[in-house]
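Visitor: I would like to go through this model label by label, and hear for each one what value stands behind it. Could you take me through the reasoning?

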Amino acid sequence: MSMLKIEGLHVEVEGKAILKGIDLAIAPGEVHAIMGPNGSGKSTLSHVLAGREGYDVTAGTVTLDGEDLLELDPEDRAAKGVFLAFQYPVEIPGVSNVYFLKAAVNAVRRARGQDELDAVAFMKYARQKAETVKLPKDLMKRSVNSGFSGGEKKRNEIFQMAALEPRLAILDETDSGLDIDALRTVSEGVNALRSPERSMLVITHYQRLLDYIVPDRIHVLLDGRIVKSGDKSLAKELEAEGYAELRAGA
Amino acid sequence: MSTQQIDELLEKKYEAGFFTDIEQDIAPPGLTEDTVRLISTKKNEPDWMLEWRLKAFRLWQRMKEPTWAKVSYPPIDYQAISYYAAPKQKPKLESLDEVDPKLLETYAKLGIPLEEQKLLAGVAVDAVFDSVSVATTFKATLKEAGVVFCPISEAVHSHPELVQRYLGSVVPVTDNFFASLNAAVFSDGSFVYIPKGVRCPMELSTYFRINAMNTGQFERTLIIAEEGSYVSYLEGCTAPQRDENQLHAAVVELVAHQDAEIKYSTVQNWYPGDEDGKGGIYNFVTKRGLCEGARSKISWTQVETGSAITWKYPSCVLKGDDSVGEFYSVALSNMRQQADTGTKMIHLGKRTRSTIISKGISAGHGQQTYRGGVTVGRGADGARNYTQCDSLLIGSRCGAHTIPYIDVKNRTAQVEHEATTSRIGEDQLFYCRQRGLSEEDAVSLIVNGFCKEVLGELPMEFAVEAQKLLGISLEGAVG
């Protein structure tokens with residue numbers, strides 16, 4: 001059975017059709033990648049899955065573990081295990097990273113019927129998670145994403161992902177703005193979090209991320225539709241031929 | 001009957017009309033010289049105190065209510081207000097079960113201990129928490145240190161030389177309309193005297209919260225720190241305070257002598273009125289500190305979340321060379337609240353320094369104005385000021401305004417002013433919610449981050465309560 005199931009999803013933004021019938025099913029433990037050029041609807045898909053306002057779902061369904069996701073507020077989706085690693089992580093001045101994460105982890109634990117972690121237990125938990133994704137210690141104390149470099153922001157996203165232990169992780173252009181070393185570190189963090197109970201949806205423009213995070217399936221998104229799906233070799237193919245060929249064929 | 005006789009009769013009515021019943025003592029509405037005399041008599045005040053009040057009253061009669069603040073409210077009828085009420089017993093309830101559950105919910109959110117909740121709600125307290133004995137312990141500790149901390153009405157009798165010397169020395173009776181009114185009719189307030197070289201052994205706050213909940217609508221506070229002394233004073237309470245008196249006009253005067261330091265913190269949460277702004281408190285406050293001696297320091301920290309109208313500019317007169325003035329402020333206006341608040345830093349002495357950090361938050365239909373004055377006198381060589389003034393907007397119907405006045409008469413002075421305005425963005429909220437936080441928790445988190453520098457200046461216990469208070473005050477502000 002699929003963990004995430006998207007059927008016939010149509011989405012409009014201010015009356016303009018962006019997604020025009022997406023079908024996608026991800027089984028537990030699988031990593032799928034969505035590739036596509038700018039404006040193909042990649043980020044819209046990630047935002048709609050996470051529940052951002054401003055998108056009208058005009059048709060179709062999305063379920064996570066059989067449960068309707070579209071009905072839920074963003075925070076309730078988070079509690080159900082949806083995690084979005086942002087393309088542009090947001091700065092929250094004056095709020096320490098570790099305080100923010102404690103509030104988030106405990107909100108999610110509450111919603112999942114687990115006990116909240118006290119300050120001491122949380123610090124232990126956070127340190128262990130930071131270790132998993134190799135997050136520099138000083139980032140924990142600094143204000144959320146404030147003055148972080150591009151690489152630090154993305155690493156922080158993966159750290160949050162580790163701490164929130166999602167069922168479904170959506171990585172929205174996690175490679176954008178990263179140099180090759182940062183890309184490698186971030187990818188190692190992501191790979192450390194792969195598990196049979198966790199699905200991932202990796203959204204990217206470029207093939208190079210998929211050298212590090214190797215997906216089980218790749219889908220090509222073009223003008224709001226998935227025009228081609230295949231195994232990891234599809235990425236290489238795209239890299240060689242570009243999207244133009246597919247566009248011509250579509 | 002001549003006009004004079006009619007007047008006399010009318011005036012007399014006050015004395016006759018003054019009534020006493022078992023529960024309380026209230027003067028009928030209206031303000032004349034006789035009202036002032038009555039207040040002074042009721043308090044058994046010496047002649048000099050009465051004369052001082054009368055002088056203020058006569059001045060006040062010729063003054064006009066200021067209209068320059070960016071606040072609007074219907075005209076106040078000063079003759080419709082009662083200017084004297086003896087301290088009342090709050091209605092005693094048997095247990096917390098009888099208290100409005102909504103109020104209890106707020107107390108719980110603020111994390112106020114159960115026994116303290118009872119005190120605030122007017123529930124009879126049990127033997128475990130005997131406020132009288134606690135107060136006695138405090139008093140003994142303070143006495144040992146030589147600190148005087150008592151109602152100002154008591155200080156008029158016990159320390160007349162100090163009161164006479166300092167009362168009105170920082171905020172003179174001529175200062176402004178509301179300060180003169182206060183001087184004429186002030187109800188009560190606190191008097192603090194810290195002797196030379198003494199570091200006050202406790203925050204003068206816990207005591208205050210337990211004992212002086214009801215100081216009336218015209219509060220007057222005087223704090224004197226002698227050479228080399230230190231005191232931290234906390235006024236107010238995070239718990240929501242209701243009061244049947246709509247007009248509040250307090251005066252606070254601080255005097256810091258050489259090398260002395262006064263830290264004055266306020267958490268103000270008066271009733272802001274309903275969603276249409278009806279019934280909220282008008283808070284017109286004059287607060288000023290005088291850094292009299294060299295190297296003295298006065299620091300104001302305020303968290304203003306309540307009141308329908310706030311008109312308040314805690315200021316520092318930096319007279320002593322190398323003296324330091326600080327102002328840290330968080331002001332929040334939600335619903336129909338209006339706040340015109342800021343500070344004045346008046347640099348007179350050499351190398352005087354001042355810091356102003358102001359954080360204004362507007363939500364709902366709230367209107368928020370920062371009004372700050374930095375003045376550097378001719379003799380203030382090497383004076384420095386740094387002002388940072390940040391506004392945060394929540395929603396699209398509120399307003400934030402910044403009005404800095406800068407007047408520098410010395411070429412060696414340095415004055416810096418930084419201002420920012422930001423909005424809680426949809427992207428910030430979505431980010432927090434995606435991580436599992438509710439919208440309200442997200443707003444509270446972002447606002448607390450915004451105010452961090454100021455909250456950090458509050459005494460620890462109050463910083464925690466103030467943080468929660470900001471969140472509660474903004475409930476329902478988004479969406």
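Visitor: What makes the pair of side chains B:Q368 and B:S333 a polar contact?

Guide: In this predicted model, the side chains of B:Q368 and B:S333 are joined at 2.8 Å, and a pair of N or O atoms has to lie within 3.5 Å, so the distance meets the cut-off. The side chain of B:Q368 also has a polar atom 3.1 Å from the backbone oxygen of B:I361.

Visitor: Why is B:Q368 called buried?

Guide: Its relative accessibility is 5%, and buried means under 20%, so B:Q368 falls in that class. The residue belongs to strand 17 (residues 367-376) of chain B, and its contacts beyond four places in sequence include B:A331, B:L332, B:T341, B:G360, B:A400 and B:H401.

Visitor: B:I361 was mentioned just now; which residues touch the most other members of the largest nonpolar core?

Guide: That core has 64 residues, and those touching the most other members are A:I6, A:L9, A:F100, B:I361 and B:V447. The element that gives the most to this core is helix 12 (residues 439-450) of chain B, with six residues. Another core, of 53 residues, lies apart from it, and B:L31, B:I81, B:L247 and B:Y282 are among its members.

Visitor: Which residues does A:F100 touch, if those up to four places away in sequence are not counted?

Guide: In chain A they are A:I92, A:V95, A:V144 and A:Q160, and in chain B they are B:Y431, B:C432, B:R435, B:L437 and B:L445.

Visitor: What makes helix 11 of chain B mostly covered?

Guide: Helix 11 spans residues 426-434 of chain B, and seven of its nine residues are buried. These are B:Q428, B:L429, B:F430, B:Y431, B:C432, B:R433 and B:Q434. Just after this helix, B:G436 takes a positive phi of about 110°.

Visitor: Why is A:V98 called buried?

Guide: The relative accessible area of A:V98 is 16%, and the class requires a value under 20%, so A:V98 qualifies as buried. A:V98 is found in helix 3 (residues 97-111) of chain A, and, leaving aside neighbours within four places in sequence, A:V98 is in contact with A:F122, A:M123 and A:M140.

Visitor: How do you know that B:C316 and B:C291 are not bonded through their sulfurs?

Guide: The sulfur of B:C291 is the closest cysteine sulfur to that of B:C316, at 5.6 Å, whereas a disulfide requires the two sulfur atoms to lie within 2.5 Å, so the pair is too far apart for a bond. B:C316 has 0% relative accessibility and therefore counts as buried. Over all chains, the structure holds zero disulfides. B:C200 is likewise in no disulfide, the nearest cysteine sulfur, that of B:C150, being 13 Å away; B:C200 is buried, with a relative accessible area of 8%.

Visitor: What makes strand 6 and strand 12 of chain A edge strands?

Guide: Strand 6 (82-85) and strand 12 (225-230) of chain A each pair on one side only. They belong to an open sheet of six strands, in the order 6-9-10-3-11-12, with mixed pairing. The twist from one strand to the next averages 20°.

Visitor: How do you know that strand 3 and strand 11 of chain A pair?

Guide: Strand 3 (residues 31-35) and strand 11 (residues 217-222) of chain A share four bridges in the parallel sense, and at least two bridges are needed, so the two strands count as paired. One of the bridge partners in strand 11 is A:R217, which stands opposite A:H32. Helix 6 (residues 150-164) of chain A packs on the sheet, touching strand 6, strand 9 (168-172) and strand 10 (199-204), and its direction makes about 170° with that of strand 6.

Visitor: Why are B:R295 and B:R351 called partly exposed?

Guide: B:R295 has 44% relative accessibility and B:R351 has 41%; buried means under 20% and exposed over 50%, so both values fall in between. B:R295 lies in the loop between strand 10 (282-291) and strand 11 (297-304) of chain B, and B:R351 in the loop between strand 15 (338-347) and strand 16 (353-362) of chain B.

Visitor: What is the phi of B:R295, and what is that of B:R351?

Guide: B:R295 has a positive phi of about 60° although it is not a glycine, and phi of B:R351 is near 55°, again a positive value in a residue other than glycine. Most residues other than glycine have a negative phi.

Terms used: Residues numbered from 1 in each chain as written. Chains lettered and ligands numbered in written order. Predicted model: local features only at pLDDT ≥ 70, side-chain atom pairs only at ≥ 80, totals over all residues. Heavy atoms only, no water. Buried < 20%, exposed > 50% of the residue type's maximum accessible area, 1.4 Å probe, protein only. Polar contact = N/O pair within 3.5 Å; in protein donor to acceptor, adjacent residues only side chain to side chain. Contact = heavy atoms within 4.5 Å. Core = buried A, V, L, I, M, F, W, Y, C linked by side-chain atoms within 4.5 Å. Axes fitted to C-alpha atoms, helices over the stretch in contact; angles between N-to-C directions.
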